[in-house]
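The following note is offered to a colleague who is reading this structure for the first time. Please keep the sequence and the model in view while going through the numbered points.

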Amino acid sequence: MISFFNVSKVYPNGVKALQGVSLQIEKGEFVFIVGPSGAGKSTLIKLIYSEEQPTKGQIYMGGRSILRMKKRDIPYLRRQIGMVFQDFRLLPDRTIYENVAFAMQVIGAPRSEIKKRVPEVLKMVGLEKRMDNYPYQLSGGEQQRTAIARALVNKPSIIIADEPTGNLDINTSWEIMECFQKINDEGTTVIIATHAKEIVDAMRKRVIALENGKIVRDEHRGVYENAVT
Amino acid sequence: MNTGVYMKMLLLRQAYYIFQEVGRSLKRNSLLNFAAIGTTAISLLVLGVGMLLVINTNEIAKTIESDIEIMVYIKHDLSEEDALAIEPIIDNISGVEKTTFIPRDEALKSLVKQFGDEVEESVGEENPLPDAIKVKISDPREVNTIAAEIEDLPGVESVRYGGQDFVKKLFSLTNWVRIIGLLLIALLGLCGIFLIATTTRLTIFARRREINIMKYVGATDWFVRWPFLLEGIILGFFGALLAVVVLYFSYGALVARIQETITFLPLVSSTKVLLRIFEGLLVMGIVMGAVGSTISVRRYLHV
């Protein structure tokens, strides 16, 4: 579903974020991307949804090169990807319902479909009773679940989360991970960049470890740190 | 559903959303919008004043120009036929638009008519006036050369024409007014665009989170741009409207006052011309709003 071939990214300020990264992620996989800060996790994610362009290499998604994609087609690429961020990125002046509906409105979904779909996803993340609340009235975990609902609402084939539990305590982090597991169980590919060692170790998913812009480890049923090194 | 109908529905839904967004933003940033409308109005007002100034000086110059004519006096000893023969020669000179022959009897008659019988008495039997030809020329700037050419013709006693220095000065004045007016218009136009750009930049800044999210969930650039473009256009339009209203009433009052005291000044007051100016200002306001908001939204689209 997603393929990187020898991808390098050098930022204009000279930082080599990625160096010769090749990887393949299949449909329906659950993947953790781990590594110290500055290892290139965020850059890898930005390349997938085409916020940044690689300096070298080729990236395919669903058999299409996203580098050869026209600029006006990028919005449609992004509609296949649901993004979740560390800082939730909710709109403070809109209710939970409106925050989720917003993602459907901006791609021109019919109102009848919005009315049907939004409660559906909110129920899936367990927020059906909080629909009319504003983000500030919610806990961090609930806010992040709202963000997940928003990422899901347009039925993307991939969910990408950049440090989704970075602002949350460990119990809440587990809630969020269970949420991602549920999404993955329904067939959606899930890619999570994270520092949450305990969770990665417990969940035994595929782990791709980055260090200094290179893949140092790629294991199925992996853990956060290799016990040997 | 066929794609045409589907596209239409998609557009309608998006239009609904866009108008909702515009309304939301206009309500939320009312003070800022006030400032944008005010500054646009001021720049367009000065622009309108400049336009009226140019148009009026042009009008005055044109009126004075059309009044310029050369009076050609024929030698007194020439018979009327000989004098009449000079007319077609003058008519053939390039730059001459129209000639009118005024026989000496007629000239006397109009003098008598103007000043009464005393003139007739003092003149006596013999008519002292010469035959004359009134010459209208097409370009008043050539009045000097044409007059000189006519003066050299045989049978011509003298030529008289007035106001050529005045016309020259007026011409250089209108040229300057035109140039300065254009510069002023360009400068103020840029100022207006800059001000609207700044204002929309502030509203965009206030909404950068929304734009950011929109980009992440896959909104097209045009979809993000439309509300701001519309907002800019609305601000520009209302700014222009304000300028037009102020201009309309103050100019009307000014013209009325001036024409009370200086009756002969040919000021432009035809509604047709004024409407054209007002139309122009409204279009300018809309263009300024569109350009200004486009400039400021561009930066935030690169996500």
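1. A convenient place to begin is chain A, where Met61(A) stands opposite Arg64(A) in β5(A). Strand β4 (residues 56-61) of chain A and β5(A) are antiparallel and joined by two bridges. Here helices (H or I, at least four residues) and strands (E, at least two) are DSSP runs, numbered from the N terminus. Two strands pair if DSSP finds at least two bridges between them.

2. The model is a predicted one, in which local features need pLDDT of at least 70 and side-chain atom pairs count only at pLDDT 80 or more, while totals for chains, interfaces and linings use all residues. Residues are numbered from 1 along each chain as its sequence is written, and chains are lettered from A and ligands numbered from 1 in the order in which they are written.

3. In chain A, four strands make an open sheet with antiparallel pairing, in the order β2-β1-β4-β5. Its edge strands, each pairing on one side only, are β2 (16-25) and β5 (64-65) of chain A.

4. Strand β8 (residues 189-193) of chain A is mostly covered, with five of its five residues buried. A residue is buried if 20 or more other C-beta atoms lie within 10 Å of its own, exposed if 12 or fewer, and partly exposed in between, with C-beta atoms placed from the backbone. Thr189(A), Ile191(A) and Ala193(A) point one way from β8(A), whereas Val190(A) and Ile192(A) point the other way.

5. Which strands pair with β8(A)? Strand β3 (residues 30-34) of chain A runs parallel to β8(A) and is joined to it by four bridges; Ile33(A) has Ala193(A) as its bridge partner. Strand β7 (residues 158-162) of chain A also pairs with β8(A) in the parallel sense, over five bridges, and there Ala193(A) is the bridge partner of Asp162(A). Together with helix α6 (residues 170-185) of chain A, β7(A) and β8(A) make a right-handed β-α-β unit; right-handed means that, with the strands pointing away from the viewer, the path from the first strand over the helix to the second runs clockwise.

6. The largest nonpolar core has 108 residues, and those touching the most other members are Ile33(A), Val100(A), Ala149(A), Ile159(A) and Ile160(A). Such a core is a set of buried Ala, Val, Leu, Ile, Met, Phe, Trp, Tyr and Cys residues joined through C-beta atoms within 7 Å. Helix α9 (residues 221-261) of chain B gives the most to this core, with eleven residues. Another core lies apart from it and has twelve residues, including Ile137(B) and Ile150(B).

7. Ile150(B) also appears in helix α6 (residues 143-151) of chain B, where Val143(B), Ile146(B) and Ile150(B) are buried. Because these three cover an arc of only 70° around the axis (taken from the directions from the helix axis to the C-beta atoms), they lie on the same side of α6(B). The face turned away from that buried side carries the exposed residues Asn144(B), Thr145(B) and Ala148(B).

8. How many residues of chain B are in contact with chain A? There are 16, which meet 16 residues of chain A; a contact requires C-beta atoms, placed from the backbone, within 7 Å. On this side of chain B, α8(B) gives the most, with six residues.

Note on methods
Two residues are in contact if their C-beta atoms, placed from the backbone, lie within 7 Å.
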